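Q: Could you take a close look at one part of this model for me? I would like to see how its pieces pack and pair.

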Amino acid sequence: MKRLGVLASGGGTNLQSIIDSTSKGILKGLGEVVLVISNNPNAYALKRAANENIKSVCVERKNFKDEKSFNDIILKELQSVRVDIVCLAGYIRLIGREIIESYRNKILNIHPALLPKFGGRGMYGHYVHEAVVKSKETVSGATVHFVDENYDTGKIIIQQKVKICGNDTPQDIAEKVLIVEHEIYPKAIRILIEDLDKF
Ligand code: GRF
């Protein structure tokens, strides 16, 4: 059974889909969420963790003198409960080098677009979907990829498309893409668990 640590900054619907897939879905018997970390004390993801009796920790950047000490605490929390795989699920901060080196090829992120398009610094949430509308794309989608030192540049594990209709707003696209996110994140985690020693 692989131990999953999830980092989330917001509502936590991807966290919820991962939790649900470990209890009654494709991750049952393969993985369990043992820790949820948020940088945002108001993140509903923390409430979701409490509802599921999963250990959660809020680590706020403002309480640390620099990025390194902030990331060191996150790494310590992950290692304290022997996390095997780190899942970023709507986590808006860049992951520090110390964490990446300790969890090389074991950190995943979900991005609400078909990377490499519409990725990189500043491309998150509604900014992504606004750029997709502005580019008059006919498809968008979601991507799960490995996390490296940059925003959204790691090796892609899985992607899934959604059709865009002419009059779709950024919010319409966000809603379509979120449904796909909930489908592909557990699948990506399963791929990693089944091939962990290959990556
Ligand atoms: C999702 O759109 C995801 O693609 C992005 O942040 C959002 C997280 O939503 N990284 P939630 O907190 O999982 O509901």
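A: Happy to; here is a walk through one helix pair and then one strand with its partners.

This is a predicted model, so local features need pLDDT of at least 70 and side-chain atom pairs count only at pLDDT 80 or more, while totals for chains, interfaces and linings use all residues. Residues are numbered from 1 along each chain as its sequence is written, and side-chain values use heavy atoms, with hydrogens and water left out.

Two packed helices are described by the angle between their axes and the distance between the axes. For helix H1 (residues 13-24) and helix H6 (residues 170-194), the axes come within 9 Å and cross at roughly 45°; axes are lines fitted to C-alpha atoms over the stretch in contact, with angles from 0 to 180 degrees between N-to-C directions. H1 and H6 are therefore oblique to each other (angles under 35 degrees count as roughly parallel, over 145 as roughly antiparallel, 65 to 115 as roughly perpendicular and the rest as oblique). From H1, the contact (heavy atoms within 4.5 Å) draws on Thr13, Asn14, Ser17, Ile18 and Ser21, and from H6 on Leu178, Glu181, His182, Tyr185, Pro186 and Ile189.

Now to the strand. In S6 (residues 139-146), 7 of the 8 residues are buried, meaning under 20% relative accessible area with a 1.4 Å probe, protein chains only. Strand S5 (residues 107-111) runs antiparallel to S6, joined by 4 bridges (strands pair if DSSP finds at least two bridges between them). Here isoleucine 110 has valine 144 of S6 as its bridge partner. S6 also pairs with strand S7 (residues 156-163), in the antiparallel sense over 7 bridges, where threonine 143 stands opposite glutamine 159 of S7. Helices (H or I, at least four residues) and strands (E, at least two) are DSSP runs, numbered from the N terminus.

Definitions and conventions: Buried < 20%, exposed > 50% of the residue type's maximum accessible area, 1.4 Å probe, protein only.
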